[in-house]
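Visitor: I have a structure open on my screen and would like to follow the reasoning behind its description. Could you take me through it?

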Amino acid sequence: MTDTGAYIQRLEVSNPLIERTVRSAIQALQLPLGSRGLDAGCGIGFQALLLAEAVGPGGQVTGLDISPAFLRHAEGKVKKSGLSERISFQQGDVRKLPFDDGTFDWAWSSSCVGYSASLEPLPALKELARVVKPGGGVALLAWSSENLLPGYPLLEARLKATSAGMAPFVRGKAPEWHFLRALGWFRDAGLRGATARTFAGDAHAPLTDDLRCALVALFEMRWPGVESELSQEDRAQYRRLCLPESPEFILNHPDYCAFFTCSMFCGRVAK
Ligand SMILES: C[S@@+](CC[C@H](N)C(=O)[O-])C[C@H]1O[C@@H](n2cnc3c(N)ncnc32)[C@H](O)[C@@H]1O
């Protein structure tokens with residue numbers, strides 16, 4: 001499998017863990033029934049589906065992504081969902097959206113605009129705002145924290161202090177690029193009434209097979225290549241607790257309990 005294929009597979013498998021949280025965030029937006037929206041950086045199309053459910057039968061969602069592989073996967077998923085009449089996909093770059101000004105009633109971007117390390121947040125947010133009608137909403141959602149290793153706060157803190165653990169933030173990057181600084185981007189983009197909300201999700205023993213697989217995928221996505229940045233002692237503990245093949249893998253613990261948060265920033269295009 002290619003790197004993209006493996007990443008797509010991990011995103012797919014991790015959906016059951018975050019679905020409830022993403023649904024809560026979308027519900028909080030109160031998207032108008034019948035409205036037309038953009039899912040920028042739609043990835044595997046999982047959220048385009050939830051957004052399409054939220055806007056109801058007369059609504060339309062356009063999923064945009066730069067990657068043809070993600071779009072192919074998303075199209076296949078939507079075909080099977082019975083919601084294909086409400087969803088279309090287009091390849092494009094969020095930095096230069098292939099849409100006229102004011103095309104959409106709202107725009108949404110999850111773990112892409114404001115999150116991706118290679119995208120400068122403010123110009124991309126301005127571009128989202130450009131394609132939304134005056135008065136329409138722009139929302140950014142992203143993973144904002146986690147507590148996945150109950151009983152091992154020191155190891156978890158050290159994992160968080162590695163490059164992978166703090167990704168997509170990069171050591172040396174301006175603090176203003178951190179996702180939790182998004183209120184400033186909304187202000188600077190001229191968006192009105194910016195708000196921030198955080199939604200929590202959790203998982204605890206006994207884990208269903210779906211949740212267990214989702215957490216395994218999450219561990220793989222959260223801490224790739226982390227071992228080289230750990231001390232010998234931490235590396236041994238990481239291997240013992242965080243690798244599925246270890247007899248002491250933490251997800252096997254009968255009292256396993258974890259939580260995570262996703263934060264959402266919203267604002268309105270000036271009338
Ligand atoms: C971490 S994934 C998130 C996917 C999905 N929104 C989600 O939350 O599950 C980031 C997505 O943004 C896309 N992406 C990255 N840079 C982009 C750009 N400049 N324009 C459009 N899409 C981009 C990637 O191809 C990928 O599908």
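Visitor: What percentage of the 271 residues in the protein chain is buried?

Guide: In this predicted model, buried residues make up 49% of the chain. A residue earns that word with under 20% relative accessible area.

Visitor: What makes the chain as compact as a globular protein of its length?

Guide: Its secondary structure comes to 9 helices and 7 strands. The radius of gyration is 19 Å, and the globule rule gives 18 Å for 271 residues; the two are close, so the chain is as compact as a globular protein of that length.

Visitor: How do you know that the buried residues of H5 line one face of the helix?

Guide: Helix H5 spans residues 153-160, and its buried residues are Leu155, Glu156 and Leu159. Seen down the axis of H5, they fall within an arc of 100°, so they line one face. Pro153 and Leu154, on the other side, are exposed.

Visitor: Which elements do the buried residues of H5 pack against?

Guide: They pack against strand E5 (132-147), helix H6 (163-166) and helix H9 (232-242).

Visitor: Why is H5 called roughly perpendicular to H9?

Guide: Their axes come within 11 Å and cross at roughly 105°. Angles of 65 to 115 degrees count as roughly perpendicular, so that is the name for this pair. On the H5 side the contact is made by Leu155, Arg158 and Leu159, and on the H9 side by Asp234, Gln237, Tyr238 and Leu241.

Visitor: How many of the residues in that contact of H5 with H9 are nonpolar, polar and charged?

Guide: They divide into 4 nonpolar, 1 polar and 2 charged.

Methods
Residues are numbered from 1 along each chain as its sequence is written. This is a predicted model: local features need pLDDT of at least 70, side-chain atom pairs count only at pLDDT 80 or more; totals for chains, interfaces and linings use all residues. Side-chain values use heavy atoms; hydrogens and water are left out. Buried means under 20% relative accessible area, exposed over 50%, partly exposed in between (1.4 Å probe, protein chains only). Helices (H or I, at least four residues) and strands (E, at least two) are DSSP runs, numbered from the N terminus. The arc is that of the directions from the helix axis to the C-beta atoms. Contact means heavy atoms within 4.5 Å. Axes are lines fitted to C-alpha atoms, for helices over the stretch in contact, and angles run from 0 to 180 degrees between N-to-C directions. Angles under 35 degrees count as roughly parallel, over 145 as roughly antiparallel, 65 to 115 as roughly perpendicular and the rest as oblique. Ala, Val, Leu, Ile, Met, Phe, Trp, Tyr, Cys and Pro count as nonpolar, Asp, Glu, Lys and Arg as charged, and the others, Gly among them, as polar. The radius of gyration is taken over C-alpha atoms; the globule rule is 2.2 Å times the number of residues to the power 0.38.
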